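I opened a fresh page for this one and kept my notes short. Here is what I looked up, in the order I looked it up.

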Amino acid sequence: MKKYGLLFMAGICLVVLVFGHLHWKNMSKAAGIEGKKAEERIKEKEKEDREALIQSLKPDNNKQQSLIDYLHYKSLTQDKVIVSLMGSNGASGTGASNSSNSWAGRLEKSLRSERDELETLGFINHGQEGYSTRDLLEGKKIDEVILDNPDLVIFENPLINNQYQSIRLEQTEKDIKNIMSKLQKELPNAKILIISPNPVANSKTENSLELNYVDYIKVSERVINKNKWTYMNSMEGIEKKLKEENMRLADILTNDNVHPNDQGHNIWFEVLYEYFKLKVPQK
């Protein structure tokens with residue numbers, strides 16, 4: 001009898017173990033299904049949040065939009081985002097101790113760290129020291145920019161060299177028109193930001209045509225305003241910063257009194273970065 005009792009107890013234990021295992025298996029399966037559903041809900045929520053963000057940043061939904069929001073929108077809707085730089089001494093970083101200390105290098109780094117999606121933002125720099133508006137056209141720099149197929153073009157207007165090379169104001173105006181016409185025709189979906197060069201120490205010094213640097217700034221602004229192109233006056237912005245910080249122009253220029261040093265490039269970057277955050281009318 002004792003033997004049968006042990007067998008009976010063993011049978012009961014076996015049944016308990018079998019049913020316990022089945023119950024645990026069913027519980028685990030249920031937990032797995034619930035976990036999968038929770039994961040799907042999270043993914044769906046993330047998808048909805050992303051779509052809502054895209055719609056909030058979509059240029060068509062914004063009468064006014066900052067360039068950072070525009071680049072953010074592009075980064076959410078395409079594989080890569082390209083910013084192409086074109087111009088002369090300022091764009092090339094002349095006067096900075098290295099490319100990372102130039103306004104362009106600082107801007108690229110800051111934009112990438114501004115938002116997670118902008119980490120893959122790519123800058124392509126076509127700045128060429130010593131180039132005038134005429135050189136940009138003849139040197140095929142516009143063609144190089146077009147080949148980039150950029151989302152944003154930053155065009156640093158090379159007026160310092162136009163003045164230095166005594167290029168007529170009429171020709172300067174014509175060149176700017178031709179540059180913009182070509183960019184707009186070949187890059188209809190890209191935004192184009194024109195910026196003036198930096199302030200120089202001898203802005204009133206005249207060239208062989210009896211024209212000073214300010215004369216070239218004025219004629220370029222005239223054609224820019226007439227055509228309602230997007231424009232930022234770097235010279236004015238830098239001068240304002242200098243006044244606010246009680247600094248002299250000489251403090252931010254190299255020994256030639258023309259090109260910005262590291263400090264000058266940093267101030268130029270600050271002016272540009274503030275503009276990038278500014279909500280402006282869409283064009």
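**Entry 1: aromatic pairs.** A reminder to myself before I start: this is a predicted model. I began with the rings and found two aromatic pairs in the structure. The pair of W103 and W268 is tilted, with 5.5 Å from centre to centre and 35° between the planes. I then checked where the two partners sit: W103 belongs to helix α4 (residues 103–114) and W268 to helix α11 (residues 262–277), so this pair ties together parts that are 165 residues apart in sequence. Both W103 and W268 are buried.

The other pair I noted is F269 with Y273, which is stacked: the centres are 5.4 Å apart and the planes make 25°. F269 and Y273 are both in helix α11, four residues apart, or about one turn of the helix. That spacing made me jot down a rule: an α-helix has 3.6 residues a turn, so residues three or four places apart point the same way. F269 is buried, and Y273 is buried too.

While I was on rings, I looked for a charge over one of them. The charged end of K191 sits over the ring of Y70, at 5.0 Å from the ring centre.

**Entry 2: the whole protein.** I stepped back for an overview. I count 11 helices and seven strands in the protein. Of its 283 residues, 45% are buried. I also looked at how far contacts reach along the chain: among contacts with a separation of 6 or more, 76% are between residues 24 or more positions apart.

**Entry 3: the sheet.** Next I traced an open sheet of five strands, which pair in parallel and follow the order β3-β2-β4-β5-β6. Which strands stand at the edges? They are β3 (122–125) and β6 (231–232), each with a single partner strand, so one side of each has no neighbour in the sheet.

I spent some time on β2 (residues 82–86), which runs parallel to β3 and is joined to it by four bridges. In that pairing, V83 stands opposite F123 of β3, and S84 stands opposite I124. Helix α6 (residues 141–148) packs on the sheet, where it touches β2, β3 and β4 (152–156), and its direction makes about 175° with that of β2. Strands β2 and β4 also pair in the parallel sense, over four bridges, and here M86 is opposite F155 of β4.

Is β2 mostly covered or left open? It is mostly covered, as five of its five residues are buried. I82, S84 and M86 point one way from the strand, V83 and L85 point the other way, and all of them are buried.

**Entry 4: S84 up close.** I picked S84, in strand β2, for a closer look. Its relative accessible area is 0%, so S84 is buried. S84 and I124 are 40 residues apart in sequence, yet their C-alpha atoms are 4.8 Å apart in space. Leaving out residues up to four places away in sequence, S84 touches I124, V145, D148, P150, L152, V153 and I154.

**Entry 5: helix α9.** I wanted to check the length of α9 (residues 213–227). At 1.5 Å a residue, its 15 residues should span 21 Å, and the C-alpha atoms at its ends are 22 Å apart, which agrees. Then I listed its buried residues: Y213, V214, Y216, I217, V219, S220, E221, V223 and I224. What do the buried residues of α9 pack against? They pack against α7 (159–164), α8 (169–186), β5 (191–195), β6 and α10 (234–244).

**Entry 6: D69.** My last stop was D69, found in helix α2 (residues 67–77). Is D69 buried or exposed? Its relative accessibility is 10%, and buried means under 20%, so D69 counts as buried. Which residues is D69 in contact with, once neighbours within four places in sequence are left aside? I wrote down L57, R115 and K279.

Methods
Residues numbered from 1 in each chain as written. Predicted model: local features only at pLDDT ≥ 70, side-chain atom pairs only at ≥ 80, totals over all residues. Heavy atoms only, no water. Phe/Tyr/Trp six-rings, centres within 6.5 Å; stacked < 30°, edge-to-face > 60°. Helix = DSSP H or I, 4+ residues; strand = E, 2+ residues; numbered from the N terminus. Buried < 20%, exposed > 50% of the residue type's maximum accessible area, 1.4 Å probe, protein only. Lys NZ or Arg CZ within 6 Å of the ring centre and 35° of its normal. Pairing = 2+ DSSP bridges. Contact = heavy atoms within 4.5 Å. Axes fitted to C-alpha atoms, helices over the stretch in contact; angles between N-to-C directions. Expected span 1.5 Å × (residues − 1).
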